[in-house]
Amino acid sequence: MSEERWLDEDAGPIVPAYLLTRGRTVPASEAIDLIAVIITAGGLAMPVGLGPEHLIILQQCTKPTRLVDVAAELNLPIGVVRVLVGDLHAQKLVEVEKPPPAPDAKVMLEVINGLRAL
């Protein structure tokens, strides 16, 4: 097998995204919503034994950051980032704030009708 097949001149070694999660598709701790807010929970010391993507997430989430923004920054599929954040959450290294519940459909219809009345 040629080494050229495994390397991309601009990106370096090509690693399929599913290898970052060891083939897992579901977060370890709980279902994490796409618009959930992630924030690093620990101190400044970086834990050992984590992959580079985990460490980037910890560094990026020192300020509250939405899961979709983390995925965009890492340039990884949202499902992969969900699993990686789930790993960190299971180890209590990040906190996951769930988004507020969607408004009631009745309230939304009243808002729409009020806007139409304007």
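What share of the 118 residues in the chain is buried? In this predicted model, buried residues make up 28% of the chain. The accessible surface adds up to about 8,400 Å², and carbon and sulfur atoms hold 59% of that area.

On confidence, the chain has an average pLDDT of 78, with 69% of the residues scoring at least 70. The score depends on where one looks: strand β1 (residues 7-8) has the lowest confidence, with a mean of 51, while β4 has the highest, at 92.

As for the overall layout, the chain holds five helices and five strands. Read from the N terminus, the elements come in the order β-β-α-β-α-β-α-α-β-α. Contacts between parts of the chain far along the sequence from each other also turn up: of the contacts with a separation of 6 or more, 66% are between residues 24 or more positions apart.

Now for the sheet. Three of the strands come together in an open sheet, arranged β4-β3-β5, with antiparallel pairing. At the edges sit β4 (65-66) and β5 (94-97), each of which pairs on one side only. In general, strands of a sheet pair through backbone hydrogen bonds, and they can do so in parallel or antiparallel fashion. Here, strand β3 (residues 37-40) is joined to β4 by two bridges, and these two strands run antiparallel. Within that pairing, I38 has T65 of β4 as its bridge partner. A helix joins the picture too: α4 (residues 78-90) lies across β3 and β5, and runs at about 115 degrees to β5.

One residue of the sheet is worth a closer look, namely T40, which lies in strand β3. Is T40 buried or exposed? With a relative accessible area of 19%, T40 counts as buried, because the cut-off is under 20%. What does the side chain of T40 reach? That side chain comes to 2.7 Å from the backbone oxygen of L58. L58 also appears among the residues in contact with T40 once neighbours within four places in sequence are set aside; the others are C61, T62, L93 and V94. V94 belongs to the stretch 94-97 that forms edge strand β5, so the contacts of T40 include a residue of that strand by the way strands are numbered as runs.

Taken together, T40 is a buried residue in strand β3, the strand placed between β4 and β5 in the sheet order.

Definitions and conventions: Residues numbered from 1 in each chain as written. Predicted model: local features only at pLDDT ≥ 70, side-chain atom pairs only at ≥ 80, totals over all residues. Heavy atoms only, no water. Pairing = 2+ DSSP bridges. Helix = DSSP H or I, 4+ residues; strand = E, 2+ residues; numbered from the N terminus. Contact = heavy atoms within 4.5 Å. Axes fitted to C-alpha atoms, helices over the stretch in contact; angles between N-to-C directions. Buried < 20%, exposed > 50% of the residue type's maximum accessible area, 1.4 Å probe, protein only. Polar contact = N/O pair within 3.5 Å; in protein donor to acceptor, adjacent residues only side chain to side chain. Areas by Shrake-Rupley, 256 points an atom, 1.4 Å probe, with all protein chains shown as cover. pLDDT = per-residue confidence, 0-100.
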